[in-house]
Amino acid sequence: SFPHRTVLENVTFGLELDEGARLPRSAREARAREWILKVGLAGHERKYPHQLSGGQQQRVAIARALVLKPQIILMDEPFSALDEPTRFDMQKLIMDLWHEVEATVMIVSHSIAEAVYLGDRVWIMAAGPGRIAREFTDVIPKTRDADPLQVQETAAFKAAVAEVGEAFRKVDKAK
């Protein structure tokens, strides 16, 4: 987020660039406020990033991206700096919201459990040069509309994490 812009100004930023000439300011702000509400930041519109927690800052970034209704979203370790309860909240939020915008989301993560929970497909990357070493689709349980904590207790989830983890260790040893 831009430190000199409020939450509302951060979320409207892309709209100013993308549709600024066509969309009046009031319409940009209305759309931004809708997404601020969806990510759970209503009442924080006039705050600056330094006044927010890490989870709230991540919510601003998500609203800033989704307000544009993109077809593809790339997230690089989006929840790695968050505490575990906040991370679970953010995982559930991003699942709900990206299904709403019907976007393809590619998340880079070092967390096997997070990849299995969030993914429809999991790729394990090999080093030097970076390439896809393994792909998993059939073993990944369906988690849409499911609570991350409840999902992680299921046998299907545990089995998928174990299978992906074992493949990761094999790829990692093959370096």
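Select W35 first. This residue lies in helix α2. The model you are viewing is predicted.

Buried or exposed: which is W35? W35 counts as buried, because its relative accessibility is 1% and the cut-off for buried is under 20%.

Now show what surrounds W35. Setting aside neighbours within four places in sequence, W35 is in contact with A63, L66, V67, L97, E100 and V101. Add A65 to the view. W35 and A65 are 30 residues apart in sequence, yet their C-alpha atoms are 9.8 Å apart in space.

Next, select K38. Its charged end sits over the ring of W35, 4.2 Å from the ring centre.

Move on to helix α3. It has 13 residues. From first C-alpha to last it reaches 18 Å, close to the 18 Å expected at 1.5 Å a residue. Which residues of α3 are buried? Colour G55, Q58, R59, V60, I62, A63 and L66. An α-helix has 3.6 residues a turn, so residues three or four places apart point the same way.

Keep I62 selected and add F79. Of the 43 residues in the largest nonpolar core, these two touch the most other members. Which elements give two or more residues to this core? Select them one by one:

- α1 (7–19), α2 (25–38) and α3 (54–66)
- β1 (72–76) and α4 (84–101)
- α5 (112–118), β3 (122–126) and α7 (155–173)

Stop at α4, which gives the largest share of the core, seven residues.

Now centre on F79. Leaving out neighbours within four places in sequence, what is F79 in contact with? Show Q58, I62, R87, M90, Q91, I94, E114 and L118. Two of these names should be familiar: Q58 and I62 are among the buried residues of α3.

While rings are on screen, note the count of aromatic pairs. It comes to one.

Finally, zoom out to the whole protein. Seven helices and four strands make up its elements. Trace them from the N terminus and they run α-α-α-β-α-β-α-β-β-α-α. The C-alpha trace spans about 55 × 35 × 30 Å along its principal axes.

Switch on the surface. The protein exposes about 10300 Å², and carbon and sulfur atoms supply 51% of that area. Of its 175 residues, 38% count as buried.

One last view: draw the contacts with a separation of 6 or more. Residues 24 or more positions apart account for 61% of them.

Key:
Residues are numbered from 1 along each chain as its sequence is written. This is a predicted model: local features need pLDDT of at least 70, side-chain atom pairs count only at pLDDT 80 or more; totals for chains, interfaces and linings use all residues. Side-chain values use heavy atoms; hydrogens and water are left out. A nonpolar core is a set of buried Ala, Val, Leu, Ile, Met, Phe, Trp, Tyr and Cys residues joined through side-chain atoms within 4.5 Å. Buried means under 20% relative accessible area, exposed over 50%, partly exposed in between (1.4 Å probe, protein chains only). Contact means heavy atoms within 4.5 Å. Rings of Phe, Tyr and Trp (its six-membered ring) pair if their centres lie within 6.5 Å; planes under 30 degrees apart count as stacked, over 60 as edge-to-face and the rest as tilted. A charge sits over a ring if NZ of Lys or CZ of Arg is within 6 Å of the ring centre and within 35 degrees of the ring normal. The expected span of a helix is 1.5 Å times one less than its number of residues. Accessible areas come from the Shrake-Rupley method with a 1.4 Å probe; for residues, only the protein chains shown count as cover.
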